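Reader: I should be grateful for a close look at a single part of this model, the surroundings of the ligand. Please describe them in one connected account.

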Amino acid sequence: MKTIIVCRSVSHGNTRKVADVIGEVLGARVVDPAEISAAELAEYDFVGFGSGVRNMTFYRELRQFVQSLPGNQRRKAFVFNTSGFPEPPFRPYRRMFTHLVEKKGFEVVDTFSCFGYDTWLPLMIVGGVRKGRPNTVDLEAARTFAEKLRTRISTAS
Ligand SMILES: Cc1cc2nc3c(=O)[nH]c(=O)nc-3n(C[C@H](O)[C@H](O)[C@H](O)COP(=O)(O)O)c2cc1C
């Protein structure tokens with residue numbers, strides 16, 4: 001199954017580390033939204049979307065990229081993110097982004113998240129939080145997530 005990961009990772013490359021591990025397992029290229037067009041994306045059967053979180057939402061560039069896609073995507077997808085804090089129940093940004101992806105016709109088969117080193121300005125007083133994240137345990141969890149995706153996708157096709 002031809003797979004690609006569209007990942008926006010700007011703060012510390014935290015999400016890119018996760019994307020690279022998932023990409024390795026799935027044999028997928030990892031690209032920034034600016035590096036791919038809707039027409040190119042249409043060549044892939046399975047699409048991953050990854051992002052860091054800023055002000056309780058996925059990065060604008062990734063959201064805009066998904067918004068720009070035609071609404072007839074009849075393909076499977078997955079969604080992942082890194083963040084400094086757990087997703088607050090009053091602002092379920094991963095679910096919101098997943099809905100956006102689903103509205104474009106993708107079937108989102110699974111999601112993944114882990115912490116990433118966070119240097120949001122007020123946190124710099126204490127040198128940031130989640131230093132060293134994603135760590136080897138996080139990346140191992142990402143690998144397991146990807147292996148499960150691979151099994152799921154290969155049995156579905
Ligand atoms: C300006 C700014 C705003 C952020 N806002 C949030 C937030 O609302 N919630 C959260 O959990 N983490 C927040 N973070 C932490 C990032 O989501 C986290 O560092 C993430 O791993 C960055 O991913 P990246 O390195 O792939 O860009 C923020 C970080 C910065 C610098």
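Author: In this predicted model, serine 11 places a backbone N or O atom 2.7 Å from an oxygen atom of the ligand. Valine 10 also takes part through its backbone, with an N or O atom 2.9 Å from an oxygen atom of the ligand. At glycine 84 the partner is a nitrogen atom of the ligand, and a backbone N or O atom of glycine 84 lies 3.1 Å from it. The ligand taken alone would expose 650 Å², and 90% of that is buried by the protein.

The shell can be described next. The ligand is surrounded by 21 residues, of which the closest are Ser9, Thr15, Val53, Tyr59 and Tyr117. By class, this shell holds 12 polar, 7 nonpolar and 2 charged residues.

The space that the ligand takes is the largest pocket. Three elements give two or more residues each to the shell around the ligand: helix H1 (14-26), strand E3 (46-54) and strand E5 (76-83). Of these, E3 gives the most to the shell, namely 3 residues.

The pocket itself may be considered as a space. Rolling a probe the size of a water molecule over the atoms shows where empty space is left. The largest pocket contains about 510 Å³ of space. Its lining is made up of 27 residues, and those closest to its centre are Val53, Arg54, Asn55, Gly84 and Asp118. The lining divides into 13 polar, 11 nonpolar and 3 charged residues. H1, E3 and E5 each supply at least two residues of this lining, and E3 gives the most to it, with 3 residues. Val53 is thus named among the residues closest to the ligand and among those closest to the centre of the pocket.

Asn55, also listed close to the centre of the pocket, deserves a separate remark on its backbone. Most residues other than glycine have a negative phi, and most peptide bonds are trans. Asparagine 55 is not a glycine, yet its phi is positive, at about 50°. This residue lies in the loop between E3 and strand E4 (57-58).

One further backbone feature concerns the peptide bond. Arginine 133 and proline 134 are joined by a cis peptide bond, with omega at about -5°. Proline 134 is found in the loop between strand E6 (107-115) and helix H5 (136-156).

How values were computed: Residues numbered from 1 in each chain as written. Predicted model: local features only at pLDDT ≥ 70, side-chain atom pairs only at ≥ 80, totals over all residues. Heavy atoms only, no water. Near = heavy atom within 4 Å. Polar contact = N/O pair within 3.5 Å; in protein donor to acceptor, adjacent residues only side chain to side chain. Areas by Shrake-Rupley, 256 points an atom, 1.4 Å probe, with all protein chains shown as cover. 1 Å grid on protein atoms, 1.4 Å probe; cavity = no way out; pocket = protein on both sides within 12 Å on 5 of 7 lines; lining within 4 Å. Sits in = over half its atoms within 2 Å of the grid points. Helix = DSSP H or I, 4+ residues; strand = E, 2+ residues; numbered from the N terminus. Nonpolar A, V, L, I, M, F, W, Y, C, P; charged D, E, K, R; others polar. Points joined across faces, edges and corners; volume = space filled by probe spheres on them.
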